[in-house]
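User: Could you pick out one part of this model and look at it closely for me? I'd like to see how the pieces there are held, and then how that part sits in the whole.

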Amino acid sequence: MTFRKNILTLLLSIFCTAGIATLSQAQVKPESLSLIPQPVKLTTQKGGFLVQPSTKVYVDPKNDDLLRVGEFLAQHIEDAIGHRPEVIQKKPKKKETNLIHLTLKTDNDTLGAEGYTLSVTQGRITLAAKEAHGAFLGMQTVRQLLPAQKTSESALIPALQIVDKPRYTWRGMHLDVTRHFFPVEFVKQYIDYLAMHKLNSFHWHLTDDQGWRIEIKKYSKLTEVGAYRDSTLIGHYWDLPQTYRKRRHGGYYTQEQIKEVVKYAQDRFINVVPEIEMPGHALAALAAYPELSCTGGPHKVESKWGIFPDIFCAGNEQTFAFLEDVLTGVMELFPSKVIHVGGDEAPKTRWKVCPKCQKRIKDEGLKDEHELQSYFVQRMEKFANKNGRIIIGWDEILEGGLAPNAYVMSWRGTKGGIAAAKEKHYVVMSPGTPLYFDYYQGERDLEPTTIHGYNPLSKVYAYDPTPSELSAEEKKYILGAQANMWTEYVSTEEHIEYMVFPRIAALSEVLWTPAKLKDWKSFQNRMTQQYKRYDALGVNYARSAFNVNQQLQVDSTSNRATVTFDTDAADVTIHYTLDGSEPSTRSQVYKGPFSLNRTSTIKAGSFVNGKLVGKVSTRTFEAHKGFNKTITLTTPAHQNFAKKAKLVDGLKGSTDQYDGHWVGFLDTDVEAIIDLGKEQPIKRISTNFMQNIGYRIFLPVQVEYALSVDGIRYVTVDTIDDPNPLGAEGITTHEVAATLPLTRARFVKVKVRSVGVSPDKYPSAGQKTWLMLDEIVVE
């Protein structure tokens, strides 16, 4: 056994020497290193460092935080080569080699707490930072220079020099554990995901209408009652009729578990920002303590999603005593300087008729209920400030006047953040587009059900958190940004990973790398290696970036459609078909844009090493008789949709009314006339409609088709009443067609009658409704 061991050691030594000799003649290009986020300054040199079983990790003595970073690095090296290096808490000798040195001495005074320098030479790797936090972030860079998974007992790291620091001080991810509860072990894993992407803030959404997740010992009913609901909505909120899983759901984190999570995050230099929602999104608390509401209850922990009228009573002193006790408990558990108090989506319905709230408005000299909310938030802020903390809230806390020292988290676009920065308040940008990771990241028909919206990888990467509207001085108030992971439609750990990855990588570069150094093509290429890291970690990342985006551009002069394909992923081969069959490696290879002049069902997929990755995308081009002909709308389309699409462009839309293909009409019937240019035989006419009752988009109640030779005298050829005879109420597209004996005509008239106002049985009862049309096909 000893003989075999000596032989293996000798062979490894020979291999290592050969490897170093080979490296000394080569210089790796910086772009081939696949580092995410892209460092501020990176140069490569000839040669490299061989990490091998005999390599040691040295850390400066008398610093436990730095020692912990060294232990993390040792674990990552073991993952890469199968051997865990010894971690030695002392400074290495100057001439000593085959080592990695972590030190807090650096000559660069501009690095700040999170900056670092990394030097890789043939003899050693030196990671230097001003603070252990910077060393931890630099360690993540070293981790990316190691193999994604073990392939041999050594790893070659190219010689290089890096000087790096983050662009923003707040680089965050959020996790909602109220709509669906997730165990402590997964929360820790989630924190690990943040750490590997150099994020430093974990926003933990702990309370809402659907569950109270934090133990407050003084108020035991919060977790006995408020932590559990009796059922959970299944499917999309707008799928009608709504159905529920009749199963108790819930859970909460004990104080010991929260301390455990906070310590786990601290060890990875991540700040945990707890959120306690107020004054709205409070039903879980009110179910436990109904006396804190305006009505006195009874209330229940909600089983569905949305905004509900019952919120904390602002006229009740007991409310503030309760919330101060809760925040006291929160501050004992969370060392975070910043506490999130929500403040969003708080209807004033109850306050308007509550005698206590109205008395409060009068006694405090407030103008209205919006100022009452401002009073509420400012009162909680004073309490937090008195205890050495700062509050942050969603941008609704601007309404009625912003609390003096509050930070603002801007989620309804960027306007709230801009307004707050102009008032010299610190801001974290978190706009729904593109930083809500519960939005779709690919075509809706190819993705799991989620709330709405479209935030693909490319859109996340293109985001800049600092609005150009701000002056140089005002821009200093933009702390950074975070992406939000809401979980109404996400109930498993695997689904969380699917929604977060790979978009978290784009977020990482947005928040770390200077804007001038960002490069989409470079990022796409670097992600190729990042996907391998995710594979090695067993992460259930979305392959949506590999899906083929099909762009069809219609030329009005040639009556052709130009088809262009692209993906958000690099290094793929796109195969496609035009007859509706599934693409394979035997199908046509996409080499560049091509044109179509006939009806085609286009299917396209990305292939890597001969295997389909992602999902096949489908588009249909209808080269019908009405294609690109003159169309007149006697009823004008709504201004939000009038210029975005044509009704005879040969293209049909998806179930997303904002995909650029739908023409919308609000509170009106529709009449459209197509001039075919000449008299010709017609045997079929169809129109495509959308239904999305949640957005007040209804199918028509009647569609009438008429034909004319001269454009003056029309003959009705079909009238379809109640085009939805089965009464389907889900989100769908629906074709209403008329098939007729062959008839000659030049003009085609389509008359569509709207449902008018929303029927009484829907939440939108009595409100104006939409008609959505996207293609009138004449055959």
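Analyst: Happy to! Let's begin with a pair of charged side chains: R179 and D208 form a salt bridge, and their closest N and O atoms are 3.4 Å apart. R179 sits in the loop between β8 (170–176) and α4 (184–196), while D208 belongs to strand β10 (residues 207–208), so the pair ties together parts that are 29 residues apart in sequence. Please keep in mind that this is a predicted model.

How enclosed are the two partners? R179 has a relative accessible area of 5% and is buried. D208 is buried too, at 2% relative accessibility. Both values fall below the cut-off of 20% for a buried residue, so this is a charged pair with each partner buried.

Now look at the nonpolar side chains. The largest nonpolar core has 156 residues, and M173 and W204 are the members that touch the most others in it. Helix α4 supplies the largest share of this core, with nine residues. That is the helix at one end of the loop that carries R179. W204 is worth a click in your viewer: leaving aside residues up to four places away in sequence, W204 touches L175, V177, V187, Y253, I258, V261, V272, V273, P274, E275 and F334. There is also a second, separate core of 28 residues, and V663, L676, V748 and L771 are among its members. As background, nonpolar side chains tend to be buried together in soluble globular proteins.

To put the R179 pair in context, it helps to compare it with others, as the structure holds 36 salt bridges. One of them joins R379 to E317, with the closest N and O atoms 2.6 Å apart. Here R379 comes from helix α11 (residues 369–386) and E317 from helix α8 (residues 317–333), so the contact links parts that are 62 residues apart in sequence. The surroundings are another matter in this case: R379 is partly exposed, at 21% relative accessible area, and E317 is partly exposed at 41%.

A further example is R444 with D656, where the closest N and O atoms are 3.6 Å apart. R444 is in the loop between α13 (432–435) and α14 (457–462), and D656 is in the loop between β29 (630–633) and β30 (663–666), so this pair ties together parts that are 212 residues apart in sequence. R444 counts as buried at 18% relative accessibility, and D656 is buried at 12%. Beyond single pairs, E622, K652, R684, E735 and E779 are joined into one network by salt bridges that share partners.

Strands give us another kind of link to look at. Four of them make an open sheet in the order β25-β24-β27-β28, with antiparallel pairing. At the edges stand β25 (588–589) and β28 (611–621), each with a single partner strand, so one side of each lacks a neighbour in the sheet. Strand β27 (residues 600–608) pairs with β28 in the antiparallel sense over eight bridges, and A604 stands opposite S617 of β28. On another side of the pairing, strand β24 (residues 573–577) runs antiparallel to β27 and is joined to it by five bridges, with H575 opposite G605 in β27. A hairpin connects β27 and β28, with two residues between them, and N609 in the turn has a positive phi of about 55 degrees. Seven of the nine residues of β27 are buried, so this strand is largely enclosed by the rest of the structure.

Finally, let's step back to the whole protein. There are 18 helices and 35 strands. The radius of gyration is 30 Å, close to the 28 Å that the globule rule gives for 779 residues, so the protein is as compact as a globular protein of that length. Its C-alpha trace spans about 100 × 75 × 55 Å along the principal axes. Of the 779 residues, 56% are buried, and R179 and D208 are both in the buried class. Among contacts between residues at least 6 apart in sequence, 72% join residues at least 24 apart; the R179–D208 pair, 29 residues apart, spans such a separation. As for the outside, the protein exposes about 32700 Å², and carbon and sulfur atoms supply 50% of that area.

Technical notes
Residues are numbered from 1 along each chain as its sequence is written. This is a predicted model: local features need pLDDT of at least 70, side-chain atom pairs count only at pLDDT 80 or more; totals for chains, interfaces and linings use all residues. Side-chain values use heavy atoms; hydrogens and water are left out. Two strands pair if DSSP finds at least two bridges between them. Helices (H or I, at least four residues) and strands (E, at least two) are DSSP runs, numbered from the N terminus. A salt bridge is a side-chain nitrogen of Lys or Arg within 4 Å of a carboxyl oxygen of Asp or Glu. Buried means under 20% relative accessible area, exposed over 50%, partly exposed in between (1.4 Å probe, protein chains only). A nonpolar core is a set of buried Ala, Val, Leu, Ile, Met, Phe, Trp, Tyr and Cys residues joined through side-chain atoms within 4.5 Å. Contact means heavy atoms within 4.5 Å. The radius of gyration is taken over C-alpha atoms; the globule rule is 2.2 Å times the number of residues to the power 0.38. Accessible areas come from the Shrake-Rupley method with a 1.4 Å probe; for residues, only the protein chains shown count as cover.
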